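Visitor: I'm new to this structure and would like a close look at a single part of it. Could you pick up one helix and walk me outward from there?

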Amino acid sequence: MNVLECENQVSRDGRMTAKILDGKIIAQRLKDQLKEEVDVLKKKHGRGPRLVNVMIGDNHSACAYANSQKKVAEYIGIEYDLLNLSTEITQEEFIEEIKKLNSDSAVNGIMIHKPIPEHIDYSKVADFVDINKDLEGINVANIGKMILDQTKIIPCTPASCMEHIRSSGINLRGKEAVIVGHSTIVGKPLSLLLLNEYATVTVCHIATSEAGKLVEHIQKADLLVVAVGKPGLIKGDWIKPGAVVIDVGINRVDSKIVGDVEFDSAKNKAGYITPVPGGVGPVTVVMLMRNGIEAFKVQIRGKE
Ligand code: NDP
């Protein structure tokens, strides 16, 4: 267990409550490791990774997120460029832009910044990103390679969850892992990563709730990961005492950001818990950079 990354909490009545898995501290450790790795790569190859974020339009919050990515990239020593395209761009023209980036040997990683306009089919366009430059690890070929355990480019949010889980020190072998939410960017890929660690994985979704079975699954979870987008969906008293709880949800409620788990009650039952904000999010950005470094290494190997 990495004790520095977990803060012990004591409640007002003096009881010990869950240790907080602090995403900012985990992110800092990983950024420092990646910075060292990039320094070595630069010495060996004369340059480091260059990543391009393709953004359509200039939506304020998308720009703020891109700026925070840029800061992380600069800290690690990665070149990060923003390619800003007009909202008038057609799907065909957009695909052409992606193809240009694919064939540019100075570009090692590509991501498509969301949201994108409705007239563009995100999943179709994302599949045009070269598999070796797919920063987010979500194009079909990369997901296929992930199932076969043949790639180190892993979707960023599940990869962030795994870093939090490692920080808790839980040995997943034979443990009950319950994921709530089966989206293609979080729940489904995370279930594969947990299976690779020999956890017994249950994936819950809307139909689990409709069948009234959500609580019974959660009550048996040694590890609970929630990625739904519904504030306070998971109540603290459903949680198995001592469980590791990873809350991926980001919800705005009365100008505050909260997760999918009722934090105040959950921290009295869990052994470890991620806060929202400051949990999964900060590490997700670092995982994007880690994918960029892996992409760079694959491309360099291809030329050697
Ligand atoms: P999606 O909307 O794609 O998926 C939500 C999932 O939750 C679906 O599988 C849905 O099932 C399921 N679901 C909805 N309602 C219930 C319910 N009552 N009980 C059980 N399952 C339910 O969302 P994302 O995966 O993209 O994101 C989930 C959350 O995570 C959001 O709050 C998002 O903002 C956040 N997020 C955070 C990131 C980070 O880095 N911290 C990164 C990515 C996302 P069904 O499809 O069957 O309806």
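Guide: Let's start with helix H6, which is mostly covered: 12 of its 13 residues are buried. Keep in mind as we go that this is a predicted model. The buried residues of H6 include Cys-156, Thr-157, Pro-158 and Ala-159. Further along H6, Met-162, Glu-163, His-164 and Ile-165 are also among the buried ones, and so are Ser-167 and Ser-168. Buried here stands for a relative accessible area under 20%.

How does the length of H6 work out? At 1.5 Å a residue, its 13 residues should span 18 Å, and the end C-alpha atoms are 19 Å apart, which agrees. Just after H6 comes Gly-169, with a positive phi of about 85°.

Now for the space beside this helix. H6 (156-168) is one of the elements that supply at least two residues each to the lining of the largest pocket. The others are helix H2 (60-76), strand E5 (109-112) and helix H11 (280-303). That pocket holds about 1200 Å³ of space, and 37 residues line it. Thr-157, which we met as a buried residue of H6, is one of those that lie nearest the pocket's centre, along with Tyr-65, Ile-250, Gly-281 and Thr-284. The largest share of the lining comes from H11, with 6 residues. Sorted by kind, the lining divides into 23 nonpolar, 10 polar and 4 charged residues.

The pocket also ties in with the domains. The domain assignment of the protein chain gives domain 1 (48-130) and domain 2 (155-282), and their C-alpha centres lie 29 Å apart. The lining of the largest pocket draws at least three residues from each of domain 1 and domain 2.

Next, look at H2, another contributor to that lining. Its 17 residues should span 24 Å at 1.5 Å a residue, and its end C-alpha atoms are 25 Å apart, which agrees. Which residues of H2 are buried? They are Ala-62, Ala-66, Gln-69, Val-72, Ala-73 and Ile-76. Seen down the axis of H2, these fall within an arc of 120°, so they line one face of the helix. On the other side of H2, the exposed residues are His-60, Ser-61, Lys-71 and Glu-74.

Strand E5 is worth a stop too, since this strand supplies residues to the pocket lining and also to the lining of the largest cavity. The count comes to 1 cavity of 30 Å³ or more, and the largest cavity has a volume of about 50 Å³. E5 gives the most to the cavity's lining, with 3 residues, while helix H4 (122-126) supplies at least two. Among the residues lining the cavity are Ile-110, Met-111, Ile-112, Tyr-122 and Ala-126, and Asp-134, Glu-136 and Asn-139 are there as well. The cavity lining divides into 7 nonpolar, 1 polar and 2 charged residues.

There are some backbone details to find between these elements. Most peptide bonds are trans. Where are the cis ones I'd point you to? In the loop between E5 and H4 you'll find Pro-115, and the peptide bond from Lys-114 to Pro-115 is cis, with omega near 5°. Another cis peptide bond joins Val-276 and Pro-277, with omega about 0°. Pro-277 lies in the loop between strand E12 (272-273) and H11, the helix with the largest share of the pocket lining.

Most residues other than glycine have a negative phi. Tyr-198 has a positive value, near 65°. Tyr-198 lies in the loop between helix H7 (187-196) and strand E7 (200-204), and is exposed, with a relative accessible area of 55%. Ser-255 also takes a positive phi, near 60°. This serine is in the loop between strand E10 (251-253) and strand E11 (256-258), and is exposed at 63% relative accessible area.

For a last stop, try Val-226, found in strand E8 (residues 223-226). Is Val-226 buried or exposed? Val-226 is buried, with a relative accessible area of 0%. Val-226 and Val-203 are 23 residues apart in sequence, and their C-alpha atoms are 10.0 Å apart in space.

Notes:
Residues numbered from 1 in each chain as written. Predicted model: local features only at pLDDT ≥ 70, side-chain atom pairs only at ≥ 80, totals over all residues. Heavy atoms only, no water. 1 Å grid on protein atoms, 1.4 Å probe; cavity = no way out; pocket = protein on both sides within 12 Å on 5 of 7 lines; lining within 4 Å. Points joined across faces, edges and corners; volume = space filled by probe spheres on them. Helix = DSSP H or I, 4+ residues; strand = E, 2+ residues; numbered from the N terminus. Nonpolar A, V, L, I, M, F, W, Y, C, P; charged D, E, K, R; others polar. Domains from an automatic or database assignment. Expected span 1.5 Å × (residues − 1). Buried < 20%, exposed > 50% of the residue type's maximum accessible area, 1.4 Å probe, protein only. Arc of directions from axis to C-beta.
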